Amino acid sequence: MTDTVIDYSAVFQALPGMVALLTPELVYADANEEFLRVSGRSREQLVGRYLFDVFPDNPNNPAATGARNLQASLLRVLATGERDAMALQRYDVASLERPGEWEERYWSPVNAPVKDSDGRVVLLVHRVEEVTELIRARGGPSGNRARVLEAELYTRARELQEVNERLRQAHAREREVALALQQAMLPAPSPMGHHRTAVRYCPAAGALNVCGDWYDLVNLPGDRIGVAVGDVVGHGLAAACVMGQLRSALSAASRVADGPAPALDVLGLYARSVDGAENTTAVQTFIDWDNRTISYSSAGHPPPALLRADGTVQFLDEATDPPLGARLEHVPRPQATAGFTEGATLVLYTDGLIERRREDIDTGMRRLADSLARHQGADPEAMADALLLELLPSGGVTDDTALVIVRL
């Protein structure tokens, strides 16, 4: 395939719509053939001249605002470096055939920046579509305001499509970055000695509903480990950043605290200095194999599930307190202890696993208990896969979900 040299000047002139290039001083730098044809001006009448000297407002119409509105839009583009789509404008044009007379015209303008390598706006692209005939064909503005609104909707349809596409792309980029950040902050846990564990993180299907949940597993002195899960209010990159700070703080606190409640106390105090950490929920557990006990404390989080060797399920809900930052004054959090026997399984999770719209949370917890009982003999990895398969919505996950399973 041979390389083709593209003549962009010829492309510009051949564009099917009206397009002009303006300097930052709002002087015409160029205009394509369609712009010249529809405006009724020659290149010599435009290039090098100030926009509003060529197209001033109609002096015979005291209510004319077309020039003022266009200038405001162009200055916005210069100031922000962002494209600006204007509402439908009445902008009369002086007649060249009949000096002193003005033609009533309607336009749909869009203004966009052209930037140099340093990001500075060096040119303005002024694209405009004339809709005068459409307005007249539909009854005119003085005869029927609804017809003008209909024309407005017509001319905006393509702009809305383009805006929606840019929003989808922005959301997709945010989701991609947030997930990368989530994966960096939620690595696969290090081996917990000889104890078998499994962790899962399932991001939400939507770009705006990702990255608030976390899990953490740490080795503690003796034959003990600390296991925690949490859920930050909010979604996207902001929630991911808060999540990372809180997860790291709780992980550090659990290594030196006397129990899960003191660890959550430290986290609660730290959360007061983190914007966006308010009302975060979390549950911290310490598993002690020497004493065969689980000590736990919850800050407004769904209770851990203890699947006993006989197939019954106990929800550890005797040490539940409000979420982080929910109290004005610091109050020590409660702590409780449950015993276990060999072969039991501890399951920590976030609300995405059990909550459904228009459904009581108790229904989701019963569904979790039933699923755990059915898979009692499975190892943690297989059990994690089975729980996600059975409990997450088949139509797509609407909230992110963290899951930790520990064989006791």
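A helix, in the sense used here, is a DSSP run of H or I that covers at least four residues, and helices are numbered from the N terminus. With that in mind, we can walk through this predicted model, starting with its enclosed spaces and ending with two residues of the chain.

A search of the whole structure finds 3 cavities of 30 Å³ or more, and the largest of them has a volume of about 200 Å³. This largest cavity is lined by 13 residues, of which F35, F55, Y91, W107 and H126 are the closest to its centre. If we ask which elements give two or more residues to this lining, the answer is helix 2 (33-39), strand 7 (106-115) and strand 8 (121-130). Sorted by class, the lining of the largest cavity holds 11 nonpolar and 2 polar residues, and no charged residues.

The second largest cavity has a volume of about 130 Å³, and 14 residues line it, with R272, G325, R327, H330 and R333 the closest to its centre. Here helix 9, which runs over residues 260-271, gives the most to the lining, contributing 4 residues. What classes of residue make up this second lining? It divides into 5 nonpolar, 3 polar and 6 charged residues, while the lining of the largest cavity has no charged residues.

From the cavities we can turn to single positions, beginning with T401, which lies in strand 19, a strand that spans residues 401-407. Is T401 buried or exposed? T401 has a relative accessible area of 1%, and because buried means under 20% relative accessible area, T401 counts as buried. Leaving aside the neighbours within four places in sequence, T401 is in contact with R200, Y201, C202, D213, T350, G352, L353 and L392.

In the segment after strand 19 we find L408, whose relative accessibility is 7%, so that this residue too counts as buried. Which residues is L408 in contact with, once its neighbours within four places in sequence are left aside? They are I287, W289, I294, L306, F340, E342, G343, A344, T345 and L346. One of these contacts, F340, can be followed a little further: L408 and F340 are 68 residues apart along the chain, and their C-alpha atoms are separated by 7.6 Å.

Terms used
Residues are numbered from 1 along each chain as its sequence is written. This is a predicted model: local features need pLDDT of at least 70, side-chain atom pairs count only at pLDDT 80 or more; totals for chains, interfaces and linings use all residues. Side-chain values use heavy atoms; hydrogens and water are left out. Buried means under 20% relative accessible area, exposed over 50%, partly exposed in between (1.4 Å probe, protein chains only). Contact means heavy atoms within 4.5 Å. On a 1 Å grid over the protein atoms alone, a cavity is a set of points where a 1.4 Å probe fits but cannot get out, and a pocket is an open set with protein on both sides within 12 Å along at least five of seven lines; lining residues have an atom within 4 Å of a point. Grid points are joined across faces, edges and corners, and a volume is the space filled by probe spheres set on the points. Ala, Val, Leu, Ile, Met, Phe, Trp, Tyr, Cys and Pro count as nonpolar, Asp, Glu, Lys and Arg as charged, and the others, Gly among them, as polar.
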